[in-house]
Amino acid sequence: MQSITINGSQRESVGKKATKALRNAGKVPCVLYGGDTPVHFSAEEKAFKSLVYTPNVYTASIELDGKTYAAVLQDIQFHPVTDKILHIDFYQLFEDKPVTMEIPVKLVGSSKGVMIGGALRHNMRKVKVKAIPANLPDFIEADITELEIGNKLYITELANEKFTFLHPDNTVVAQVRMSRNAAKAAAEETES
């Protein structure tokens, strides 16, 4: 999985006044959980642009005063009016400890059902996956080539031994439905 480096500095004072001063200076207060003790730090707001505003999923390499931590984005809070980042929580990664992440689903292939007039519905754009950090994929490929009109691609068909899906087995990832035009054409065929 691809990683983005974030350079930050540890926070000494943690409170409303210190946090407000940080935000006014263009920095984002952050907390790194998962280790022995939570690590409070701050970084420039621009540093999070490629981590937050993207459909892709990345791990974060957080560099604080010479130490480097591998982490994933756990939670993020935005200002309700301006949409500025107010606070970010990270979860520290360990090589032997499984982690849960939402991974994007990439549809590949041309569906047979779509070629004859069906409508493709991409029901799950991201799926929850549990795996050790080394086995986390950048995305999950879903082949829709064999989908006819009325067929569904279930999450069980994307199974992999490297990670586990945290969804029920009957979860539909994609499906091809009868479009209005195809339904109208079929109705006209039966009338004539």
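Which residue lies over the face of F139, and at what distance from the ring centre? Some quick notes on that and a few other side-chain features; bear in mind that this is a predicted model.

1. To take the opening question straight away: the residue is K106, which lies over the face of F139 at 4.4 Å from the ring centre.

2. Now the salt bridges. The structure holds 2 of them. One is between E45 and K84, where the closest N and O atoms are 4.0 Å apart. E45 is in the loop between β3 (39-44) and α2 (49-52), while K84 is in the loop between β5 (67-78) and β6 (85-92), so this pair ties together parts that are 39 residues apart in sequence. Both ends have some exposure to report: E45 is partly exposed, with a relative accessible area of 23%, and K84 is partly exposed too, at 41% relative accessibility.

3. The other salt bridge joins the side chains of K112 and E146, at 3.2 Å from N to O. Here K112 belongs to helix α3 (residues 112-115) and E146 to the loop between β10 (140-143) and β11 (152-154), so the pair ties together parts that are 34 residues apart in sequence. K112 counts as partly exposed at 36% relative accessibility, whereas E146 is exposed, with a relative accessible area of 55%.

4. Next, the aromatics. Searching the whole structure turns up 4 aromatic pairs. Y53 and F78 make a tilted one, with 6.5 Å centre to centre and 45° between the planes. This pair links distant parts of the chain: Y53 is in the loop between α2 and β4 (59-64) and F78 is in strand β5, 25 residues apart. F78 itself counts as partly exposed, at 33% relative accessibility.

5. While you have the rings on screen, have a look at F41, F48 and F90 as well, since these form one aromatic cluster.

6. Last one: T171. Is this residue buried or exposed? T171 counts as buried, because its relative accessibility is 12% and the cut-off for buried is under 20%. You will find T171 in the loop between β12 (164-165) and β13 (172-177). Its side chain reaches the backbone oxygen of P168 at 2.8 Å. Leaving aside residues up to four places away in sequence, T171 touches M124, L153, Y154 and I155.

Technical notes:
Residues numbered from 1 in each chain as written. Predicted model: local features only at pLDDT ≥ 70, side-chain atom pairs only at ≥ 80, totals over all residues. Heavy atoms only, no water. Helix = DSSP H or I, 4+ residues; strand = E, 2+ residues; numbered from the N terminus. Buried < 20%, exposed > 50% of the residue type's maximum accessible area, 1.4 Å probe, protein only. Polar contact = N/O pair within 3.5 Å; in protein donor to acceptor, adjacent residues only side chain to side chain. Contact = heavy atoms within 4.5 Å. Phe/Tyr/Trp six-rings, centres within 6.5 Å; stacked < 30°, edge-to-face > 60°. Lys NZ or Arg CZ within 6 Å of the ring centre and 35° of its normal.
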